[in-house]
Number of protein chains: 2
Amino acid sequence: MTLGKDDIGHHISQQYNQELENLRSHVLHMGGVVERQIADAISALEDGDTQLAASVVGGDLQVNALELNLDEECSRILARRQPAAGDLRLIFAVIKTVTDLERIGDQAERVARTVLELANVEPGRSRPTMRHMGDLARRLLNKALDAFARMDVAAALEVEREDLAVDKEYEAILRQLMTYMMEDPRTITWALNLIWAARALERIGDHSKNIAEYVIYLVQGKDVRHVSIEERERQVQGDMPAQPPTV
Amino acid sequence: MTLGKDDIGHHISQQYNQELENLRSHVLHMGGVVERQIADAISALEDGDTQLAASVVGGDLQVNALELNLDEECSRILARRQPAAGDLRLIFAVIKTVTDLERIGDQAERVARTVLELANVEPGRSRPTMRHMGDLARRLLNKALDAFARMDVAAALEVEREDLAVDKEYEAILRQLMTYMMEDPRTITWALNLIWAARALERIGDHSKNIAEYVIYLVQGKDVRHVSIEERERQVQGDMPAQPPTV
């Protein structure tokens, strides 16, 4: 019960093939837009660039519109094509993925709003950098989308593992900011704002992990949500060819 | 293009009718379990009841299992019955709703985990009560589920409005806790834990609002996500009978 990239879209109707292919590429397009939003939000945060932050806030409208379009596209295919088996799983995975992408967009917007808030707060002291954590989170999304594009279970499992690094980085930043607050209570408002931003980046990791889980479901028909990493690696390996497919 | 409760489930196949009816009632069952989780989490928080908190943490497994079951049920109906129009919108709304219910469950678990954390933190001073905010959030979920059960757009719109009250309560609690932190830095760890709990309750309001939006989509076939409250009330009223239906 495994499914390769080539198993989707082999239908008598050429147009149906094209619709499924379009759906996949629209998801990747939305993913790309969201990735850009994250990258810009991080740059805005690191450079205190309020103009860039404002453009991220404005850009969330585009992300929202992409969500609605993709949901409609899924509805249309379900109604017209009555997909079965692997195609149905694809639609299902897309419906779920799109929700997570939209919420990642919200988190990027949240980081950008923090930048605008911080512009009004006297900087108490030099900030801990969140560049590394932000890059980790963005790379995680990139990898999850890549796993989706290539239907690559091994890459999806890596997303799971790497999310732990984001969590660890978040904990470190949180601890540092708490120390600042304890040392100098005048930094509390400032530090809390930074904590919101760090938490938003941490949530991006969680949503990317969700997307990776849908990929595993899509490829294997197995729902691995709410299963420990070790357990799902075991489950998945039972099904994998001895050599992971090269792409 | 409006849809009443009775428009769903009138099919030649008696079994199909039953499947849709079961799906609806399983969503409401999951909603009830999640509501119970919220209520218990709030009681555990207010009474510092670590035993109850631990049972909420354990109970999240049940919520997760209900999510997987409901997703599978939706997949099965999509594959076998190839639903169209209103039935398809029902399935779509259920797929989305179930994700939000599961995440509300996660937030209840987060509150419960805070209770366990707090048990190890010396209480610096008397806590601001979150009973009111928690009750508001729980009632919001209850109302959203009620709107789903009765396909009641007016009730769904009320959820939107009432979420503002949850946000306002959250802001007040946040301000109070920040004041504590500034007055006495020794309270910072304790106060931050309480802020996590308050934020989790606030998120429950957001997820309930999402569910209310799916109800409007389900009944009217109009997607009102990412539209301002005023705009959607205007849109919806254009479609509503002069007298809202009594239930």
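**Figure 1. Second largest cavity of the predicted model**. A:D71, B:F92, B:A93, B:K96, B:E213, B:Y214, B:Y217, B:D223 and B:R225 form the lining of the second largest cavity. Its volume is about 50 Å³. Helices α3 and α6 of chain B each contribute at least two of the lining residues. By class, the lining holds four nonpolar and five charged residues, and no polar ones.

**Figure 2. Largest cavity, lined by residues of chains A and B**. Three cavities of 30 Å³ or more are counted in the model, and the largest encloses about 130 Å³. From chain A, the lining takes in A:Q107, A:R110, A:W196, A:R199, A:A200 and A:R203; from chain B, it takes in B:Q107, B:R110, B:W196, B:R199, B:A200 and B:R203. At least two lining residues come from each of α3 (85-118) and α6 (188-220) of chain A and from each of α3 and α6 of chain B. Six of the lining residues are charged, four are nonpolar and two are polar.

**Figure 3. Relation between chains A and B**. A turn of 180° with a shift of 0.0 Å along the axis lays chain B on chain A with an RMSD of 0.0 Å. The two copies are therefore related as by a two-fold rotation axis. B:Q82 has the C-alpha nearest the axis in chain B, at 2.7 Å from it. Both copies use the same surface, with 100% of the contact residues of chain B recurring in chain A.

**Figure 4. Surroundings of A:D60 in helix α2 of chain A**. Helix α2 of chain A spans residues 50-81 and includes A:D60. With a relative accessibility of 5%, A:D60 counts as buried, because buried means under 20%. Leaving aside residues up to four places away in sequence, A:D60 touches A:Q37, A:G105, A:D106 and A:E109. A:G105 is 45 residues from A:D60 along the chain, yet their C-alpha atoms are separated by 6.3 Å.

**Figure 5. Helix α4 of chain B and its packing**. Helix α4 covers residues 131-150 of chain B; at 1.5 Å a residue its 20 residues should span 28 Å, which agrees with the 28 Å between its end C-alpha atoms. Buried residues of α4(B) include B:M133, B:L136, B:L140, B:L141, B:L145 and B:F148. The buried residues of this helix pack against α1 (14-47), α3 (85-118), α5 (153-183) and α6 (188-220) of chain B. After α4(B) comes B:M151, with a positive phi near 50°.

**Figure 6. Helix α3 of chain B**. The 34 residues of α3(B) should span 50 Å at 1.5 Å a residue, and the end C-alpha atoms are 50 Å apart, in agreement. Of these 34 residues, 28 are buried, so α3(B) is largely enclosed by the rest of the structure.

Conventions. Residues numbered from 1 in each chain as written. Chains lettered and ligands numbered in written order. Predicted model: local features only at pLDDT ≥ 70, side-chain atom pairs only at ≥ 80, totals over all residues. Heavy atoms only, no water. Helix = DSSP H or I, 4+ residues; strand = E, 2+ residues; numbered from the N terminus. Expected span 1.5 Å × (residues − 1). Buried < 20%, exposed > 50% of the residue type's maximum accessible area, 1.4 Å probe, protein only. Contact = heavy atoms within 4.5 Å. Least-squares fit on C-alpha atoms with pLDDT ≥ 70 in both. 1 Å grid on protein atoms, 1.4 Å probe; cavity = no way out; pocket = protein on both sides within 12 Å on 5 of 7 lines; lining within 4 Å. Points joined across faces, edges and corners; volume = space filled by probe spheres on them. Nonpolar A, V, L, I, M, F, W, Y, C, P; charged D, E, K, R; others polar.
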